[in-house]
Amino acid sequence: MSNFVHYNAAERIIRRYNLTGAGATAVSSLFSPAETTSASVGIFGVVFLAISVLSFARAAQRLFEQTWELKPLSVRNTRNGLWWILTLGGYAAVTTLLSALLGGGPLGLAALACGVLVTAAFLVWSGRILSAKRISRPDLLPFGVTGAVLTAAYSVGATIYMPRLFNTSVARYGVVGAVFAMLSALFAVMLALVASAALGREVRDELSRIRQGHRPSDHEVRRQWDRVVEQTRSRWRTAREQVSHRRIKDSNH
């Protein structure tokens, strides 16, 4: 059993991001079972994993409820959450199979092209089941398409950048640096999904207004565009200040 877990965790991450050298060694060490691991610790780990997965499903549920302004169902939607978790496992298996069969090309573009449709279908299904069918499939379609495209773009960028991030983090922090790198990858995926949900909702609302014959005035369009530009510039300035502060801090150390 431990060998199976080791393969599905360490080897999957190593192959997914084409890790080599210190990064691959750190990931293998991180997921290697300790020789003194007892049965009670193993059972505790399974229970903790189950709680974590259910919490993740609840967080995904809240994403759809807040984005589409639905009444929170909380634990009353647990059955749908469990069904979504099983579907998530099936989605992971399908994408792994596509990567194994078609991932031999540059950056795995063939697998990505096939995976876009699978990802879009899974995201639409996720919104449908986690919202307890309160959101229709047509309303979720812009979110599914946007999420699939952003996820594919992230996958290409991760294939290029993640090996460097793993090696740099491991060289600086040791084995725990692999944890930091994996958290960064997970954060990027979640950020893409949140952005996709927000953008998908806006696209759906805009399409609804177009079908109803509503059109904002030129002044309103210009005002909203100026606000978006100003927000983008503000966030860019904040990001530059944070990077500059971090560089100064690193140079002092």
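I take contact to mean heavy atoms within 4.5 Å. The model I am reading is a predicted one.

**Entry 1: R201**

I located R201 in helix 7, which spans residues 176-211. I then looked up its contacts, leaving aside neighbours within four places in sequence, and found T67, W68 and E69. I checked its accessibility next: the relative value is 14%. Because buried means under 20% relative accessible area, I record R201 as buried.

**Entry 2: salt bridges**

Side chains of opposite charge can pair when their charged atoms come close. I therefore searched for such pairs, and the count comes to 4 salt bridges.

I began with E65 and R134, whose side chains meet in a salt bridge at 3.2 Å, N to O. I placed E65 in helix 3 (residues 39-67) and R134 in the loop between helix 5 (109-130) and helix 6 (137-173), so this pair ties together parts that are 69 residues apart in sequence. I compared the burial of the two partners: E65 is buried, at 4% relative accessibility, whereas R134 is partly exposed, at 33%.

I turned next to R204 and D139, which form a salt bridge with the closest N and O atoms 3.9 Å apart. R204 belongs to helix 7 and D139 to helix 6, so the pair ties together parts that are 65 residues apart in sequence. I noted a relative accessible area of 18% for R204, which is buried. For D139 I noted 22%, which counts as partly exposed.

**Entry 3: the network**

Which residue, besides D139, did I find in a salt bridge with R204? The partner is D205, and the closest N and O atoms of this pair are 3.3 Å apart. I recorded both R204 and D205 as buried.

I then followed the links outward and returned to R201. D139, R201, R204 and D205 are linked in a network of salt bridges. The residue of my opening entry, buried in helix 7, thus belongs to this network.

**Entry 4: nonpolar surface**

I finally looked for nonpolar surface and found a patch of about 470 Å². Its residues are Y173, V176, F180, L183 and L186. Which helix gives the largest share of this patch? I found that helix 7 does, with 4 residues. Y173, by contrast, is found in helix 6. I read its relative accessible area as 46%, and Y173 is therefore entered as partly exposed.

Definitions and conventions
Residues are numbered from 1 along each chain as its sequence is written. This is a predicted model: local features need pLDDT of at least 70, side-chain atom pairs count only at pLDDT 80 or more; totals for chains, interfaces and linings use all residues. Side-chain values use heavy atoms; hydrogens and water are left out. Helices (H or I, at least four residues) and strands (E, at least two) are DSSP runs, numbered from the N terminus. Buried means under 20% relative accessible area, exposed over 50%, partly exposed in between (1.4 Å probe, protein chains only). Patches are made of residues with over 30% relative accessible area and no salt bridge: like charges are joined within 9 Å, nonpolar side chains (Val, Leu, Ile, Met, Phe, Trp, Tyr) within 5 Å. Accessible areas come from the Shrake-Rupley method with a 1.4 Å probe; for residues, only the protein chains shown count as cover.
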